[in-house]
Structure formats: C-alpha cells, structure tokens
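Subject: Structure handover and notes

Dear colleague,

Please find below the structure that I promised to pass on to you. The notes that follow it set out what came out of going through the coordinates, and I would be glad if you read them with the model open beside you.

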Amino acid sequence: MLIKIPADICPSEITSEQNYLNRRDFIRAGSIAGASVLAGTAFGAVVPEGERAKLPDVGKSAFSTIEAPNSYEDVTTYNNYYEFGTGKEDPYRNAGQFEPRPWSITVDGHAEKTGTFHFEDFMKPFDLEERIYRMRCVEAWSMVIPWVGISLADVVKHFQPTSSAKYVAFETLNDPVRMPGQRRRVLEWPYKEGLTIAEATNPLAILAVGVYGETLPNQNGAPIRLVVPWKYGFKGIKGIVRISFTEKQPPVSWNIAAANEYGFYANVNPEVDHPRWSQASERAIGGGLFAPRKPTRMFNGYGEQVAHLYDGLDLRKNF
Amino acid sequence: MNTLQKVRFVGKPLVFLLCLLPAALVVGDAFAITGQLSANPVEDILDRFGNWAIRLIMITLAVTPLRQITGWNWLTRFRRMLGLFTFFYALMHFLTWLLLDRGLAVDPAFQWAAILEDLTERPFITIGFAALLLLMAMAVTSTNGMRRRMRRAWDKLHYSVYAVGVLGVWHYWWQVKKDTSDAWVYAVILALLLGYRTWKKVRH
C-alpha cells in the first residue's frame, strides 16, 4: 500500500476563519450562559460559537490527503443535514441552538459488550487522529475536510462483535423538538445508515468528533458522526445515538426514500450515473466562479485502500 | 395622464426595473457588494436565474386571469415585457449552466459531446431545453411587425406559453433531490392558472 506522507502544516494555518467568526458574532448574541462549566474537558458541554474547544492530543495520520482543505466557512455553511432543513445553508442557520449534550450512545445487537454509554465514556478508550479526507457528495460536488476522529475499526473491535455480526447499523437522534427538520417527513426519521463489518473495520473509516482541530459544529453532525471517504457523503450519518451489530443488511435512509437512486453501498463511482444526473465529474467547492469541474475518481481516489472489499461484486448492480 | 400614458411612462419603466432587480442582485452578490454568493457560487447563480424564470412565467400567465377578474384591461400591456423577461432569466440560467457549470468558458477540456449527452440523456435537462427553445421562438416573434405578418400562426405559436409553464415546473420538479415542497407550490399555482382558463372555456 502506498502511503502518502501528510503535509507538515496545520490546516488552520492555511485558511482564515475570520470571515466565519464575523458572520457568527451577531447571531451568537449572548447565548453563552453556563456553557463554560465543562469547557476544560475535551468534550465540554455546549461549545459556544466563537469559543469552540480545541481537541487535545490529536495525532496525525498517514491516510490524510496532501490536498489543501476547504475553508472553515465552506465546511460549516454548506451542508446536507435534513434534520435541520433541506437547504444547503439551513443546517448552519438552524443548528445553532442545538445542544449536543447530554449525549449517550447505545451499542446493541450481536456483540459481547453492549449497553448505553455517556458520550464521554464512549470516547475514553480511543485515540484522536486528524484525517484530512476528500468528501464527494452524491449531488456531484466535493470538499476536502480536516476531520478529527477515532478509528471505527477500533470501536468495532472494542465492543467485540460475535460471528453473527455481518453489518454495523447506525441511527441519528430522533427529536423533532431539537431537530426542526424532523417535523416534516422529507425522509423517514430517524436517519439510518449501515456498513458491512469489512467496511467498518477498514482503516479509512472513522467516527468524527471534530473538524479543524476543534469540536464538531452542530451543522456537521455534533457530537459524533460517521466518515467513510470512499462513499458518497450521505453515508456519513450525523448525530449518532445508536450503533447496532446486525446479521442482516440494515435498511438505510436514502435507499428507503428512493431505492432506484441510492443503493446500500453508495461507493463513489464515476461510471455509474445517478438516474437523473452524471457522476463522471464533480464541482470542487471553494474554486470560485471560474473553476472547471474535475473528473470524479473511482472510490473517490481511495481505491488502493478499499477496492479489495468489493472483489467479485458487480458495482453496477450493487451501487 | 390617462391610463395608457401612465402604463407607458410610469408602469412599464417601473416593472422593467423590478424585473431587472434579481439579476442585478446576482451580479451584486458575485462582486460581494449587495451580499455574497453561497459556498457553491455557480450553483447559487444557476438556481437563482432558474427560480426567477419560473416565477416570471407564473406572473406572465397570471396577467390574463387577473385582467378578466379585475377588469383592468391595461394589465395586458405588461404581458410582452414579462414574457421577454421570462426568456431572459431562462437564457441566463442556460448560459450559466453551459459556460460556468459545464465549463464551455472556463474548462480547457470542455467537450460538446458531454453537453449533447446531458441534453439528450438527462430528461430533466431535455425538457428544460425544450422550454428555452419555445421561449426563444416567442421572443424573436414578439415584435408588432412579426405579429402582423404571422397572423393566425402567431397565436398558435404563442399558445406554447402554457407548454413552457408545464415544462418549466416539470424541469424544476425533476431535478429536486427529495424535498419537492417548493416544486409543489409552483405546480399548484400553475394548476390554478391553467385550471382557470379551462374553466372559462368550458363555461362558454
């Protein structure tokens, strides 16, 4: 396996956050009270905008791309997170009041260790790593995002799935009071996603808890979300509250919504078009008005690490 | 000033400027004067021109029912201008797609073959393009002279404004990923506008 050495430069040095902060300043308007109680810990309570907590002890990873990441503003104002609205800027506008604490994650199904864990306890056994990944949305746009997360393979191993566990299923919080987008049935709530065990234990898969070295903003899926960079972005389920080890392939949200358009695997594949649009090229966010589209790569350029997972599988049928 | 003079010297310049406003705001946002474009500026511009084309075809189709209900016959005098602005926004939408999004103006690797594939194999693009061609045919025949020369054929051609409304809403509906609520709003408005005409016809 060819391992690229990541650039020896911190992403936050590349991109200015000033624009983002300025825009947030007037929105913030004094909603900070009481939030600083736990600010000293790695996953403190509500992190006030503009005072986002730096994550401690973040290691580097050989899996990071050397491509320059998108600006913090791009990463946090242009999102698909239907729980906070279907417009691209809706999550940024509507998720500000959301408090991703207290938060617990239930682990169940075919595993030796199961139970419900406080988010902080859930995180304890695992090491934080920065992973700068390409992200290709099924809508044919892309970004480069400097995630901070934990290896999903480590998480899977920690809970000791039994031999019956063939898949890992994930679920988002279902709370229409805190997630206004869930008051409309655009999708079936809660949002569900899933991976095969082999996919979940591939070293590229992570559960992200931060971007740009800081805790994850609400609109990006706070406090914890899935990132599988060789798959379309919608596989990256946000605001995870349940992880289940299952024997059968779990139902997944976009497949439930439109089975002819979105498959279980959803691997980035320039040769298999969406029924309504081409997947051969993508628009890289951040290029401005006059940047041409760029060709989309098989498995989003991560073929070396993941292609073997699909040996013998017809990717046209299993899209 | 009589009504006709008011329409000519006040109403028309005012409507003209109002119709230009959305385009001016796109330009203003592109230069960060009036605001700013989204993180995906090409998509932002594409959507805004397209949305205004749909809104303007609705407004254009609303002129006749409104005139009949209110008895304000001078409303008819705005119809051509509104139709031409519909064409203008549809054309800007198309040019944004062709020049910036698909990259004719910016991509050294641009290929007409890819455009042809989009136009023929992506049905929502095909019907959008069909609507643009109809609008173009109506726009070039919109002068008084053309109307006189074409006689009955002119009426026939310009009835296709209804087809443009249907194709436009269909084109919009079909490209939405999942949340069709905005498309529903346009579809209901269009159904009301066409339904009113059918109802009028049946009653006579």
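Two strands are taken to pair if DSSP finds at least two bridges between them, and it is in this sense that A:Ala169 of chain A stands opposite A:Ser244 in strand 10. Please keep in mind throughout that this is a predicted model.

**Strand 5 of chain A and its neighbours**

The two strands that hold these residues, strand 5 and strand 10 (residues 240-246) of chain A, pair in the antiparallel sense over six bridges. Strand 5 of chain A also pairs with strand 6 (residues 192-196) of chain A, to which it is joined by five bridges, again with the strands running antiparallel; here A:Val168 has A:Leu195 of strand 6 as its bridge partner. As for burial, six of the six residues of strand 5 of chain A are buried, and both of its faces are covered, with A:Tyr167, A:Ala169 and A:Glu171 on one side and A:Val168, A:Phe170 and A:Thr172 on the other.

**Strand 1 of chain A**

Strand 10 of chain A has a further link, since four bridges join it to strand 1 of chain A, and these two strands run parallel; within this pairing, A:Ile243 of strand 10 is the bridge partner of A:Val107. Strand 1 (residues 104-109) of chain A shows an alternation of its side chains, in that A:Ile105, A:Val107 and A:Gly109 point to one face and are buried, whereas A:Ser104, A:Thr106 and A:Asp108 point to the other face and are not buried. With strand 2 (residues 115-118) of chain A, strand 1 of chain A pairs in the antiparallel sense over four bridges, one bridge partnership being that of A:Ile105 with A:Phe117, and the two strands form a hairpin with five residues between them.

**Helix 6 of chain A**

In helix 6 (residues 152-159) of chain A, the buried residues are A:Leu152, A:Val155 and A:Val156. Seen down the helix axis, the buried residues of helix 6 of chain A fall within an arc of 95°, so they line one face of the helix. In an α-helix there are 3.6 residues a turn, so residues three or four places apart point the same way. The elements of chain A against which the buried residues of helix 6 pack are strand 4 (141-151), strand 5 (167-172), helix 7 (197-200) and strand 7 (206-211). Just after helix 6 of chain A comes A:Gln160, which takes a positive phi of about 55°.

**Chain B and the contact between the chains**

Chain B has nine helices and zero strands. Its radius of gyration is 18 Å, close to the 17 Å that the globule rule gives for 204 residues, so chain B is as compact as a globular protein of that length. Along the principal axes, the C-alpha atoms of chain B fill a box of roughly 55 × 40 × 40 Å. Of the 204 residues of chain B, 27% count as buried, and among its contacts with a separation of 6 or more, 61% are between residues 24 or more positions apart.

The contact between the two chains takes 21 residues from chain A and 17 residues from chain B. On the side of chain A that touches chain B, there are 11 nonpolar, three polar and seven charged residues.

With best wishes

Key
Residues numbered from 1 in each chain as written. Chains lettered and ligands numbered in written order. Predicted model: local features only at pLDDT ≥ 70, side-chain atom pairs only at ≥ 80, totals over all residues. Rg over C-alpha atoms; globule rule 2.2 N^0.38 Å. Buried ≥ 20, exposed ≤ 12 C-beta atoms within 10 Å, placed from the backbone. Contact = placed C-beta atoms within 7 Å. Arc of directions from axis to C-beta. Nonpolar A, V, L, I, M, F, W, Y, C, P; charged D, E, K, R; others polar.
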